[in-house]
Each structure stands twice: as structure tokens, then as C-alpha cells.
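Grab a pencil and work through these short exercises on the chain shown below. Try each task yourself before you read the solution.

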Amino acid sequence: MKAWFLSLQERERLILFGGVAAALLIVMWAFVLTPLGNESAALRESVTQKQRLLIDLGRVEAMQLGGSPSPAQEAELSLVVLVDRTAQSYGLALRSTRPDGSDGINVTFEAASFDSLLDWLITLETTHGATVESASFSGTREPGLVNGQLFLRRS
């Protein structure tokens, strides 16, 4: 084999080296880089699912620790306290809340999970009687997160 290789012209040796290098790159791409990329995407999706599960577990824990107040106690809570407590149980960090009369509140938030925000708003309306009168949202660079402002009023 060595005698055959040495019998090749210089140009033929360079072509042979180029072909071997190209074959090695193709094999490396097919059997190393592509599987790593696929596994990385699967792991990212797994992390996202685990984060959602963690948020759900936090909600369940908050409900178990705090217990659910009776309807009479809920009616006595001010909208500011109600919004703050329920937002925490949904993993939402509110940037600011500003009361507007006895039955209204302006809420500003940043980088909130849109799914958690919708779940929170549905709970506020169905369980606590607080409806959204106006809302404005803007997307962030992170998928699934939004910035925005809400005006809530309790019926």
C-alpha cells in the first residue's frame, strides 16, 4: 500500500488527502453533530415541560398551604390583595399595581408567561368576579413571555 501511495504523483496525493478529509467531515457530521443537535432540541423541550410542571406544583402547594378562603372571606379581600395573592400563586411577578377606586386596579407586568397569565385571568374572572376592562400586551425576545398592562374591575 505504501509503495502504491508513493508511486502516485503529487497532484494525485493531494486529491486523495482531500477526499479522505471530506469523507471524515461527512462521517463526523452524520454520526456526531446531527445526533447532538437532535438531542439538544429534545432536552430543551424537556426543560420547558419541567418548568411548566414546577409552576403547576407551586400552584398546588400554595392552595394546600394557604387553604382556599371561603366566599365570604373572598368578598372581604380588597382587589389589590386578591390580585397580589393570586398572581403569586400563578408564578407571576407584577411590576406594579395601582388601585383605581374601590373596585378597580391597574396592573403592570414584565416577562410574564403568557399561558400562566391567561390561567390567572380566567381564575380571577370565574372564581373572584374580577373582569378585564382593558389590556395591552407586547412580546419579548423570549418566546412565550409578554409585557403588558391590565385594568381589572370587580363586579
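**Exercise 1. Find which residues of helix α5 are buried, and work out how they sit around the helix axis.**

Step 1: Get the word clear: buried means under 20% relative accessible area, exposed means over 50%, and partly exposed is in between (1.4 Å probe, protein chains only).
Step 2: Go through α5 and pick out the buried ones: S116, L117, W120, L121, T123, L124 and H128.
Step 3: Now look down the axis of α5: these buried residues fall within an arc of 160°, so they line one face of the helix. The arc is taken from the directions that run from the helix axis to the C-beta atoms.
Step 4: Turn to the face pointing away from the buried side, and you meet the exposed residues I122 and T126.

Before going on, a word on the source: this is a predicted model, where local features need pLDDT of at least 70, side-chain atom pairs count only at pLDDT 80 or more, and totals for chains, interfaces and linings use all residues. Residues are numbered from 1 along each chain as its sequence is written, and side-chain values use heavy atoms, with hydrogens and water left out.

**Exercise 2. Check the span of α5 against what its 15 residues should give.**

Step 1: Helices are DSSP runs of H or I with at least four residues, strands are runs of E with at least two, and both are numbered from the N terminus.
Step 2: The expected span is 1.5 Å times one less than the number of residues.
Step 3: For α5 (residues 114–128) that comes to 21 Å, and its end C-alpha atoms are 20 Å apart, which agrees.
Step 4: Just after α5 comes G129, with a positive phi near 75°.

**Exercise 3. Place α5 in the whole chain: how many helices and strands are there, and what pattern do they follow?**

Step 1: Count five helices and four strands.
Step 2: Read along the sequence and you get α-α-α-α-β-β-α-β-β.
Step 3: Of the 155 residues in the chain, 21% are buried.

**Exercise 4. Describe the surroundings of T108.**

Step 1: Locate T108 in strand β2 (residues 104–113).
Step 2: Is T108 buried or exposed? T108 has a relative accessible area of 13%, so it is buried.
Step 3: Contact means heavy atoms within 4.5 Å. Skip the neighbours within four places in sequence, and T108 is in contact with L94, R95, S96, G148 and Q149.
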